[in-house]
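Let's take a walk through this fold together, beginning with one pair of helices and working outward from there. Have the viewer open as you read.

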Amino acid sequence: MAAYEGFAGVYDLFMDNVDYDMWADYLIRMLQKYEVNDGLVLELGCGTGSLTERLARAGYDMIAIDNSYEMLEVAMEKREESGLDILYLNQDAREFELYGTVAAIVTGCDCMNYITEEEDLLEVFRLANNYLDPGGIFLFDINTAEKYRAIGDKTIAENREEGSFIWENTYDEEEQINEYAVTLFLPEENGLYRKEEEFHYQRAYDLAKVKELLAEAGMEFVAAYEAFTDEVPGKRCERMYIAAREKGKSWDDIETYKEQWAAMDLSIEE
């Protein structure tokens with residue numbers, strides 16, 4: 001099963017411990033720090049659109065990408081209720097396409113850790129560099145090995161009236177791969193429960209490797225922060241936010257590519 005197919009409909013229910021207001025406030029503050037006060041902003045790995053909606057309310061023209069159609073269906077239901085003008089695209093972050101450039105790209109909730117191959121992360125960085133305005137900013141979070149060591153081999157279970165889940169986590173220190181198996185028990189109308197199982201994989205990246213890949217992609221590393229602060233990451237840092245800048249593109253380059261981007265057929269059905 002692809003990630004978040006069975007989980008999509010109840011994702012927000014079981015992730016209600018995530019403080020999206022705080023997360024959005026931090027991203028908005030960081031965008032403003034780098035002088036992105038409005039304009040087009042792309043969110044990679046938007047999930048059910050919780051951060052996307054908040055950024056749109058803050059005045060940004062949001063484009064949001066996720067590779068799970070099921071998660072985007074939930075996001076579009078939120079959009080219908082809020083009336084916000086958000087463009088959702090069903091694309092893979094490793095090969096996304098846009099109709100033009102954006103002022104900034106943001107991510108949250110471990111999106112980059114789901115890219116488990118260095119070559120694929122490099123490609124994401126290359127695409128980010130390509131689709132950012134000249135000097136545009138890329139803000140992304142990265143879980144460190146410290147985070148996965150802290151979780152370790154652990155099982156978490158929770159039982160609610162709306163459903164139950166079992167979360168089984170393992171971390172391979174040598175490969176730096178964190179695996180978690182999620183088993184959901186969701187109530188049916190007949191009083192029985194439907195069982196859904198999903199397996200997720202994330203990779204820990206250290207700052208040196210991220211800097212190396214950014215440089216290879218042609219981007220300029222700007223700064224790293226202990227997540228949700230303005231502080232330099234410490235030895236015990238479990239999540240970093242990294243700011244990187246587009247480097248080397250001119251507005252003449254953008255004019256050259258405009259016709260190609262305008263011809264792209266972009267829709268959620270892709």
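A good place to start is the pair α5 and α7, which are oblique to each other: their axes make an angle of about 55°, and an angle counts as oblique because it falls outside the roughly parallel, antiparallel and perpendicular ranges. The two axes lie 8 Å apart, and α5 passes α7 in a right-handed crossing. Keep in mind as you look that this is a predicted model.

Which residues make the contact? On the α5 side they are Glu118, Leu121, Leu122, Phe125 and Arg126, while α7 brings Lys209, Val210, Leu213, Leu214 and Glu216. Sorted by character, the residues of this contact comprise six nonpolar and four charged, with no polar ones. The spacing along the helices is worth a glance too. An α-helix has 3.6 residues a turn, so residues three or four places apart point the same way.

From here, step back to the interior. The largest nonpolar core holds 35 residues, and those touching the most other members are Leu42, Leu44, Leu98, Met112, Phe125, Phe138 and Phe140. You have already met Phe125, as part of the contact between α5 and α7. Which elements give two or more residues to this core? They are the strands β1 (40-44), β2 (61-66), β4 (102-107), β5 (132-143) and β11 (239-245), together with the helices α5 (118-131) and α7 (207-216). The largest share, seven residues, comes from α5.

To see the core from the inside, select Leu44. Leaving aside residues up to four places away in sequence, Leu44 touches Ile65, Ala93, Phe96, Ile105, Val106, Thr107, Cys111, Met112, Val124 and Phe138. Apart from the largest core lies another one, of 34 residues, among them Tyr60, Leu72, Ala103 and Val106.

Next, turn to helix α3, residues 50-57. Why is α3 described as largely enclosed by the rest of the structure? Six of its eight residues are buried, so the surroundings cover most of the helix. The buried ones are Ser50, Leu51, Thr52, Glu53, Leu55 and Ala56. Just after α3, Gly59 takes a positive phi of about 105°.

Finally, zoom out to the whole chain. The protein has eight helices and eleven strands, and 50% of its 270 residues count as buried. Among contacts between residues at least 6 apart in sequence, 68% join residues at least 24 apart.

Definitions and conventions
Residues are numbered from 1 along each chain as its sequence is written. This is a predicted model: local features need pLDDT of at least 70, side-chain atom pairs count only at pLDDT 80 or more; totals for chains, interfaces and linings use all residues. Side-chain values use heavy atoms; hydrogens and water are left out. A nonpolar core is a set of buried Ala, Val, Leu, Ile, Met, Phe, Trp, Tyr and Cys residues joined through side-chain atoms within 4.5 Å. Buried means under 20% relative accessible area, exposed over 50%, partly exposed in between (1.4 Å probe, protein chains only). Helices (H or I, at least four residues) and strands (E, at least two) are DSSP runs, numbered from the N terminus. Contact means heavy atoms within 4.5 Å. Axes are lines fitted to C-alpha atoms, for helices over the stretch in contact, and angles run from 0 to 180 degrees between N-to-C directions. Angles under 35 degrees count as roughly parallel, over 145 as roughly antiparallel, 65 to 115 as roughly perpendicular and the rest as oblique. A crossing is left-handed if the near helix is turned anticlockwise from the far one by less than a right angle, and right-handed if clockwise. Ala, Val, Leu, Ile, Met, Phe, Trp, Tyr, Cys and Pro count as nonpolar, Asp, Glu, Lys and Arg as charged, and the others, Gly among them, as polar.
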